[in-house]
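Reader: Please give me a close look at a single part of this model, and then follow outward from there to whatever it packs against. I would like each cut-off stated when a term comes up.

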Amino acid sequence: MPTQFTFEYALFVFIGALGALQLVFAGNGMRGALFISRSLPASVLLGGLLVLGTFVWFFASAPRNLPDTGLGLDGNDQTRWFTVAGATALALTLLVTSALNDRWARTYRGGRRGLDALEQTTFLRAVAHTLSRVRKRS
Amino acid sequence: MDSDIVQWLNSGVGRFGWWDALMRAVVSDYLVPVLGSLVLFAFWFWGKGPGRVRNQMVTMAGVGGIGLTNLATGYVNHIYFRARPFVDLDLNVLFYQPTDSSFPSNAPSLAFAVATAIFLAHRRLGTAMYGLAFLYGFARVYSGVHYPSDALAGAAMGIAATVVAYSLIRIFHPLVRLFLRLVRVAHLA
């Protein structure tokens, strides 16, 4: 049964992962995966604030030197919850930015592979385009 | 000598409040591990073209290194018990008092595993991560929960684990390439 601390740890990682993804996507010019696709500097600022903010909140809000055999999390639990929170942050980023940037992404005609497609379109548009290409081939 | 170093370093506890507060934060189970893991997570998506492929390979090496060093340190902890320094010495402990074996230190081994992975692809960021990993190991000794040799052994195991994981990735390069191509179809690599 997840404890209050587990929830706080997962939230800490989730917000940190959201920020890290915004920093990386903005650095790569992948506008299709940005919450503020019109401005790369604003996205960098948002990403930086999310990362900094989550660390400040987590460590300033309560004492965090908790025994991993007691109220804290041991290495295995940390790994498990980091994976869950990181994957959730990635999924949420790709889905929400697909909705936010859909109008901008409509002109995409394909031709970009993998993450590179996010420079010209959103994740869902890129996946839909790839699926339709596969369907045409088969 | 191990004991002398711990006692000498730990004698600084209480002299500067700001330094102790910093050490309390750094020594935590959550600051350096989460920061390192977030850097590794972001590294998967970072870069363009062949540079990104390389970053993704070192991300896999980092994850593999974490797994291997976790197994190795866990195994050594299991077969060889060394009491924590605060058990045998008169120390001001800045951390909770763990009851498992002191040797080797698992915490710096994870930080050094991540730093080594990053260093393989990005020298400057990797050097910064090594600095952070060193600070993490230092904080563990300063706080009285590890001997220097515990931290050094953990660091060596973390570095070795990632080098082994990276070597395996290079040996199985065609399979790794195939995996990356499949993930690229889903626009996640």
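Author: In helix α5(A), the residues Phe123(A), Ala126(A) and Thr130(A) are buried, where buried means under 20% relative accessible area, exposed over 50%, and partly exposed in between, with a 1.4 Å probe and protein chains only. Because these three cover an arc of only 70° around the axis, they lie on the same side of α5(A), the arc being that of the directions from the helix axis to the C-beta atoms. An α-helix has 3.6 residues a turn, so residues three or four places apart point the same way. On the other side of α5(A), Arg135(A) and Lys136(A) are exposed.

This is a predicted model, in which local features need pLDDT of at least 70 and side-chain atom pairs count only at pLDDT 80 or more, while totals for chains, interfaces and linings use all residues. Residues are numbered from 1 along each chain as its sequence is written, chains are lettered from A and ligands numbered from 1 in the order in which they are written, and side-chain values use heavy atoms, with hydrogens and water left out.

The length of α5(A) can be checked as well: at 1.5 Å a residue its 15 residues, 123-137, should span 21 Å, and the end C-alpha atoms are 21 Å apart, which agrees. The expected span is 1.5 Å times one less than the number of residues, and helices here are DSSP runs (H or I, at least four residues; strands are E, at least two), numbered from the N terminus.

The buried residues of α5(A) pack against α3 (75-100) of chain A together with α9 (173-185) of chain B, contact meaning heavy atoms within 4.5 Å. In the loop between α4 (102-105) and α5 of chain A sits Gln120(A), which is partly exposed, with a relative accessible area of 35%. Leaving aside residues up to four places away in sequence, Gln120(A) touches Trp104(A), Ala105(A), Tyr108(A) and Arg112(A). Although Gln120(A) and Ala33(A) are 87 residues apart in sequence, they are 9.9 Å apart in space, C-alpha to C-alpha. Arg125(A) belongs to a network of salt bridges with Asp102(A) and Arg106(A), a salt bridge being a side-chain nitrogen of Lys or Arg within 4 Å of a carboxyl oxygen of Asp or Glu.

From α9 of chain B the view widens to the interface, where 29 residues of chain B are in contact with 40 residues of chain A. The two chains bury about 2800 Å² between them, 69% of it on carbon and sulfur atoms; buried area is the accessible area (1.4 Å probe) that two parts lose on being put together, summed over both. Tyr30(B), Phe45(B) and His187(B) supply 29% of the area that chain B buries against chain A, more than any other three residues. His187(B), placed in the segment after α9 of chain B, has a positive phi of about 60° although it is not a glycine, and at 2% relative accessibility it counts as buried.

Across this interface there are 2 salt bridges, and Lys48(B) and Glu119(A) meet through their side chains in a salt bridge at 3.2 Å, N to O. The interface also holds 13 residue pairs in polar contact, both residues at pLDDT 80 or more. A polar contact is a pair of N or O atoms within 3.5 Å; within protein, one must be able to donate a hydrogen and the other to accept it, and residues adjacent in sequence count only if both atoms are side-chain atoms. On the side of chain B that touches chain A, α3 (31-43), α4 (49-79) and α9 of chain B each supply at least two residues, and α3(B) gives the most, with 8 residues.

Within chain B, Arg140(B) forms a salt bridge with Asp29(B), the closest N and O atoms being 2.9 Å apart. Since Arg140(B) lies in helix α7 (residues 123-142) and Asp29(B) in the loop between α2 (17-26) and α3 of chain B, the pair ties together parts that are 111 residues apart in sequence. Both Arg140(B) and Asp29(B) are buried.
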